[in-house]
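User: Could you take a close look at one part of this protein for me, and show me how it sits against everything around it? I'd like the part I have in mind walked through slowly, in plain bench language.

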Amino acid sequence: MRMKFSQGKQKEFINSVLISAACPSLRELSRRIDINYQTLKNYYSERRLLSDNFFDVLCRISKLDEKDFSVQRVSDNLGQVKGGKKSRKK
């Protein structure tokens, strides 16, 4: 499952995680939670949706409550479904 935020809210969420976890930068956060820095940058710039496991990890390390954020759970293959519908020939 993936977590879908409204426009600009995923970046706000990651910023609040940075503040709560006392991380000065994304690079430091990527080192602490052992995730690739480029992947974290893609999440930050909202090119990719957060996975539900990663969202739970971020909530746990920053001690933020999941209910404070309005997120929608979508399936992992959301982009594939959209692309398949767009490219279907009539």
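Analyst: Let's take helix H1. One cut-off first: a residue is called buried when its relative accessible area is under 20%, and exposed when that value is over 50%. Also keep in mind that this is a predicted model.

H1 covers residues 9–20, which makes 12 residues. From its first C-alpha to its last it reaches 16 Å, close to the 16 Å expected at 1.5 Å a residue.

Which residues of H1 are buried? They are Gln-10, Phe-13, Ile-14, Ser-16, Val-17 and Leu-18. As for what they lean on, the buried residues of H1 pack against strand S1 (2–5), helix H2 (26–33), helix H3 (37–44), strand S2 (50–51) and helix H4 (52–62). Phe-13 also turns up in a ring cluster, where ring pairs link it with Phe-5, Phe-55 and Phe-69. The structure holds five aromatic pairs.

Now for the sheet. Three strands form an open sheet in the order S2-S1-S3, with antiparallel pairing. S2 and strand S3 (71–74) stand at the edges with a single partner strand each, so one side of each has no neighbour in the sheet. H1 packs on this sheet, touching S1 and S2, and its direction makes about 105° with that of S1. As general background, strands of a sheet pair through backbone hydrogen bonds, either parallel or antiparallel.

S1 deserves a residue-by-residue look. Its side chains alternate: Met-3 and Phe-5 point to one face and are buried, while Arg-2 and Lys-4 point to the other and are not. On one side, two bridges join S1 to S2, and Met-3 stands opposite Leu-50 of S2. On the other side, four bridges join S1 to S3, with Val-71 in S3 as the bridge partner of Phe-5. So Phe-5 appears twice in this story, because besides that bridge its ring belongs to the cluster with Phe-13, Phe-55 and Phe-69, counted by ring centres within 6.5 Å.

Gln-72 shows how S3 meets S1. This residue lies in strand S3 and is partly exposed, with a relative accessible area of 47%. Leaving aside neighbours within four places in sequence, Gln-72 is in contact with Arg-2, Met-3 and Lys-4. Gln-72 and Arg-2 are 70 residues apart along the chain, yet their C-alpha atoms are separated by 8.2 Å.

Asp-52 ties another element to the start of the chain. Asp-52 has its place in helix H4, one of the elements that the buried residues of H1 pack against. Its relative accessibility is 16%, so Asp-52 counts as buried. Apart from neighbours within four places in sequence, Asp-52 is in contact with Met-1, Arg-2, Met-3 and Arg-73.

Back to H1 and where the chain goes next. The helix is followed by Ala-22, whose phi is positive, near 55°. Most residues other than glycine have a negative phi, which is why this one is worth a glance: Ala-22 is not a glycine. Where is Ala-22 found? Its place is the loop between H1 and H2, and at 56% relative accessibility it counts as exposed. Glu-46 is another non-glycine residue with a positive phi, near 65°. Glu-46 is found in the loop between H3 and S2, and at 26% relative accessibility it counts as partly exposed.

One more side-chain detail, away from H1 itself: Arg-27 lies over the face of Tyr-37, at 3.9 Å from the ring centre.

Finally, the wider setting. The protein has five helices and three strands, and from the N terminus on its elements run β-α-α-α-β-α-β-α. Its C-alpha trace spans about 55 × 25 × 20 Å along the principal axes. Of the 90 residues, 30% count as buried. Among contacts with a separation of 6 or more, 66% come from residues 24 or more positions apart. For H1, the picture to keep is a helix that packs on the sheet, touching S1 and S2, with its buried residues also packing against H2, H3 and H4.

Notes
Residues are numbered from 1 along each chain as its sequence is written. This is a predicted model: local features need pLDDT of at least 70, side-chain atom pairs count only at pLDDT 80 or more; totals for chains, interfaces and linings use all residues. Side-chain values use heavy atoms; hydrogens and water are left out. The expected span of a helix is 1.5 Å times one less than its number of residues. Buried means under 20% relative accessible area, exposed over 50%, partly exposed in between (1.4 Å probe, protein chains only). Contact means heavy atoms within 4.5 Å. Two strands pair if DSSP finds at least two bridges between them. Axes are lines fitted to C-alpha atoms, for helices over the stretch in contact, and angles run from 0 to 180 degrees between N-to-C directions. Rings of Phe, Tyr and Trp (its six-membered ring) pair if their centres lie within 6.5 Å; planes under 30 degrees apart count as stacked, over 60 as edge-to-face and the rest as tilted. A charge sits over a ring if NZ of Lys or CZ of Arg is within 6 Å of the ring centre and within 35 degrees of the ring normal.
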